[in-house]
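Colleague: I'm new to this one. Please pick the ligand's surroundings, take me through them closely, and then add a helix for good measure.

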Amino acid sequence: MPSVAFHKGQFVPLEQASIGIMTHAFHYGTAVFEGVRGNWNEEQGRMFIFRLREHYERLLAGCKIMRIKLPYSVQQLCDITVEVVERSGFTQDIYIRPLAYKAEERVAYLNLGGLSDDISVMAVPFGQYIDTDSPAKCCTSSWRRMEDTVIPPHVKISGLYVNGILAKTEAMAAGFDEAIMLNDKGYACEGTGENLFVYRNGQLATPPLVDNVLPGITRSCVMDIAKNELGIAVVERHIPRSELYLADEVFLTGTAAHLTAVGSLDNQVIGDGTMGRLTHQLQNLYFDIVRGKNSKYLHWCTPATPRVG
Ligand code: PMP
């Protein structure tokens with residue numbers, strides 16, 4: 001099944017969607033992107049796109065900072081995305097990548113002004129990013145998470161991801177599944193593509209946004225689900241690195257990673273090393289919700305039906 005992309009204002013086969021090598025974003029990372037999941041519901045024969053509107057709201061926040069002007073509203077971007085998914089016709093889980101970028105073919109120009117902008121939206125089949133069934137083996141990265149005084153960390157600016165990619169590469173080369181990054185003050189911040197939660201002595205906590213974490217959409221869902229379904233209010237506070245070693249449970253949340261238990265950090269076992277009870281409860285609730293199987297949270301899901309032929 002060939003994938004369809006929205007590129008330069010048109011729906012085209014993915015392999016025809018290309019950019020010139022002089023494109024500003026290609027040279028300088030002057031782009032803003034999102035990662036959205038489409039979760040296939042086999043019984044209903046439909047895709048459920050998770051929190052599509054929230055992803056585009058965050059994308060447009062990044063565009064504001066990067067002075068990328070798009071001729072589309074959030075609603076229009078949602079409609080374009082549903083059409084990409086329906087035309088692509090996938091009947092399995094997918095990953096949707098909207099990318100807004102400085103499209104002008106111009107180099108040796110270090111300025112966001114005076115450049116043309118565009119957005120592309122593409123979708124690819126996508127299974128597990130990290131194994132969500134078994135706890136991840138993590139390490140503390142030697143790379144620090146970017147400060148707001150360097151590159152704004154609250155939106156998904158493409159150039160910023162060099163930071164996370166260095167950290168993830170280092171971690172995987174050393175035999176770990178994921179890196180936990182500290183911020184400049186030494187507080188635990190997040191994974192390279194996931195937010196971080198810690199459960200200790202009955203309190204569920206996550207770092208506050210001022211610690212340079214991305215305002216993750218899964219993070220916000222987990223905060224809602226913990227409160228509404230389990231009566232647990234998540235506390236946003238600084239988390240010292242050493243507290244992670246002492247936690248009863250640690251887990252990561254993200255569009256790609258879903259909700260993944262952390263079994264060890266720097267080869268120190270967390271809890272008893274298996275997926276904790278609370279992590280398991282939250283993961284079960286979350287998996288039903290993202291696949292459109294929990295009617296209470298259907299408003300978080302945008303349905304898309306693959307077009308045949
Ligand atoms: N932190 C970073 C650096 C990320 O790239 C992501 C993935 N978007 C997350 C956290 C998790 O965010 P979300 O739940 O919105 O996918």
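Modeller: Start with Lys156: an N or O atom in its side chain is 2.7 Å from a nitrogen atom of the ligand. Glu190 does something similar, with a side-chain N or O atom 3.2 Å from a ligand nitrogen, while Arg58 has one 2.9 Å from a ligand oxygen. The protein covers 96% of the 380 Å² of accessible area (Shrake-Rupley method, 1.4 Å probe) that the ligand has on its own.

Bear in mind that this is a predicted model: local features need pLDDT of at least 70, side-chain atom pairs count only at pLDDT 80 or more, and totals for chains, interfaces and linings use all residues. Residues are numbered from 1 along each chain as its sequence is written, and side-chain values use heavy atoms, leaving out hydrogens and water.

Around the ligand there are 16 residues (a heavy atom within 4 Å), and Lys156, Tyr161, Ile217, Thr218 and Thr255 come nearest.

Now for the helix, H3 (helices are DSSP runs of H or I, at least four residues, numbered from the N terminus). Its 15 residues, 74–88, should span 21 Å at 1.5 Å a residue (times one less than the number of residues), and the end C-alpha atoms are indeed 21 Å apart. Thr81 sits in H3 and counts as buried because its relative accessibility is 0%, where buried means under 20% relative accessible area with a 1.4 Å probe, protein chains only. Leaving aside residues up to four places away in sequence, Thr81 touches Leu52, Tyr56, Ile96 and Val121, with contact meaning heavy atoms within 4.5 Å. After H3 comes Gly89, with a positive phi near 75°.

Key. Helices (H or I, at least four residues) and strands (E, at least two) are DSSP runs, numbered from the N terminus. Buried means under 20% relative accessible area, exposed over 50%, partly exposed in between (1.4 Å probe, protein chains only). A polar contact is a pair of N or O atoms within 3.5 Å; within protein, one must be able to donate a hydrogen and the other to accept it, and residues adjacent in sequence count only if both atoms are side-chain atoms.
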